[in-house]
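This report describes side-chain packing, charge pairing and surface character in one protein chain. The sequence and coordinates are shown first, and the description follows.

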Amino acid sequence: MIDPNVASHELPAAERIDPRQAVGPQLCGVMRDQIIRGELAPGSRLLRTEIATKFGISRQPVSDACARLAEEGLVDILPQRGTFVSRINVSAVLSARFVRESVEVEIVRRLAAERSTAMLDECARLLEEQRRQIDTPDQLPFMALDEAFHFHLSRSAGQAAAWRILQPLKTQMDRLRHISARELPRRLLIEQHETFVDAIGRRDPEAAVAGMRDHLRQMLDDLPALIESHADYFDTRGAVL
């Protein structure tokens, strides 16, 4: 239920609730994005009354959204204690990275064998856009370009559906990637992109595969330092680093 007394237009566009659509799924999407981007920090408490007031809605859609996010591993609902943003599950991060590597190395292998000038031109455009975001304080434009770049590769290889299948699997991984994009140099990631795109352009499948493996394994190098600097953000139970 929407509260007509709340000026929802004062919220950022990405956080507005459309009263013509079902409220619960919209709120769930907004909160999911905030958690993935780190705007709702791991371990932070979610006060349902405050959320309802902020969006001008009743408490029930907030409860529904929290329940759905709990199923996705993004929220912990602790009886008699409250509702909290879950910590980043490192075991899930490592599993998602493994699956993503398995998919994306085959994508670049195929692209190198079926080299397309139009595909390479779009890669070049996206890489140039990424370079413009190397030193910006806001990580969101860079992350959006990174997603667009990898989706472009998948779609060009005829595997857009595979990329969509990966999305729910890599939720915890994306939370980590947002921290990395805020705090670690982005230039290395762009150079890695350039390396395997160059290999695709040379029709060198093995070099493209090696480049993609190096790129997706960079996270394994970065992870220990990020865990050390943000110990309260991570759940390392069961993870083998």
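Ile-200 is in contact with Val-108, Leu-111, Ala-112, Arg-115, Met-119, Leu-120 and Ala-208, when its neighbours within four places in sequence are left aside. The model is a predicted one.

**Nonpolar cores**

Ile-200 belongs to the largest nonpolar core, which has 27 residues; together with Phe-149 and Leu-153, Ile-200 touches the most other members. Five helices each supply at least two residues of this core: H4, H5 (117-132), H6 (140-156), H9 (187-201) and H10 (205-229). Another core, of 20 residues, lies apart from this one, and its members include Val-23, Met-31, Ile-51 and Ala-52. As a general tendency, nonpolar side chains in soluble globular proteins are buried together.

**Two buried residues of helix H6**

Phe-142 is placed in helix H6. With a relative accessible area of 2%, Phe-142 is buried, because the cut-off for that class is under 20%. Residues up to four places away in sequence not being counted, Phe-142 touches Gln-130, Gln-133, Ala-181, Arg-186, Leu-189 and Ile-190. One of these contacts, Arg-186, is 44 residues from Phe-142 along the chain, and the C-alpha atoms of the two are separated by 8.7 Å.

His-152 also lies in helix H6. Its relative accessibility is 6%, so His-152 counts as buried. Outside its neighbours within four places in sequence, His-152 is in contact with Met-119, Glu-122, Cys-123 and Leu-126.

**Salt bridges**

How many salt bridges does a search of the whole structure find? The search finds 22. Side chains of opposite charge can pair when their charged atoms come close. The table gives three of the pairs.

| Salt bridge | Distance between the closest N and O atoms |
|---|---|
| Glu-39 with Arg-37 | 2.6 Å |
| Glu-104 with Arg-100 | 2.4 Å |
| Arg-131 with Glu-194 | 2.7 Å |

Glu-39 has a relative accessibility of 42% and therefore counts as partly exposed. Glu-104 and Arg-100, by contrast, are both buried. These two residues lie in helix H4, four residues apart, which is about one turn of the helix.

Why does the pair of Arg-131 and Glu-194 tie together parts that are 63 residues apart in sequence? Arg-131 lies in helix H5 whereas Glu-194 lies in helix H9, so their salt bridge links those separate parts. Both partners are partly exposed: the relative accessible area of Arg-131 is 34%, and that of Glu-194 is 29%. Elsewhere, Asp-146, Glu-147, Lys-170, Asp-174 and Arg-177 are joined into one network by salt bridges that share partners.

**A nonpolar surface patch**

Phe-98, Val-99, Ile-165 and Leu-169 make a nonpolar surface patch of about 400 Å². Helix H4 (90-113) and helix H7 (160-169) are the elements that give two or more residues to this patch. Val-99 is found in helix H4. The relative accessible area of Val-99 is 33%, which makes this residue partly exposed. Helix H4 thus takes part in the patch, in the largest nonpolar core and in the salt bridge between Glu-104 and Arg-100.

Note on methods:
Residues numbered from 1 in each chain as written. Predicted model: local features only at pLDDT ≥ 70, side-chain atom pairs only at ≥ 80, totals over all residues. Heavy atoms only, no water. Patch = residues over 30% accessible without salt bridge, like charges linked within 9 Å, V, L, I, M, F, W, Y side chains within 5 Å. Areas by Shrake-Rupley, 256 points an atom, 1.4 Å probe, with all protein chains shown as cover. Salt bridge = Lys/Arg side-chain N within 4 Å of Asp/Glu carboxyl O. Buried < 20%, exposed > 50% of the residue type's maximum accessible area, 1.4 Å probe, protein only. Core = buried A, V, L, I, M, F, W, Y, C linked by side-chain atoms within 4.5 Å. Contact = heavy atoms within 4.5 Å.
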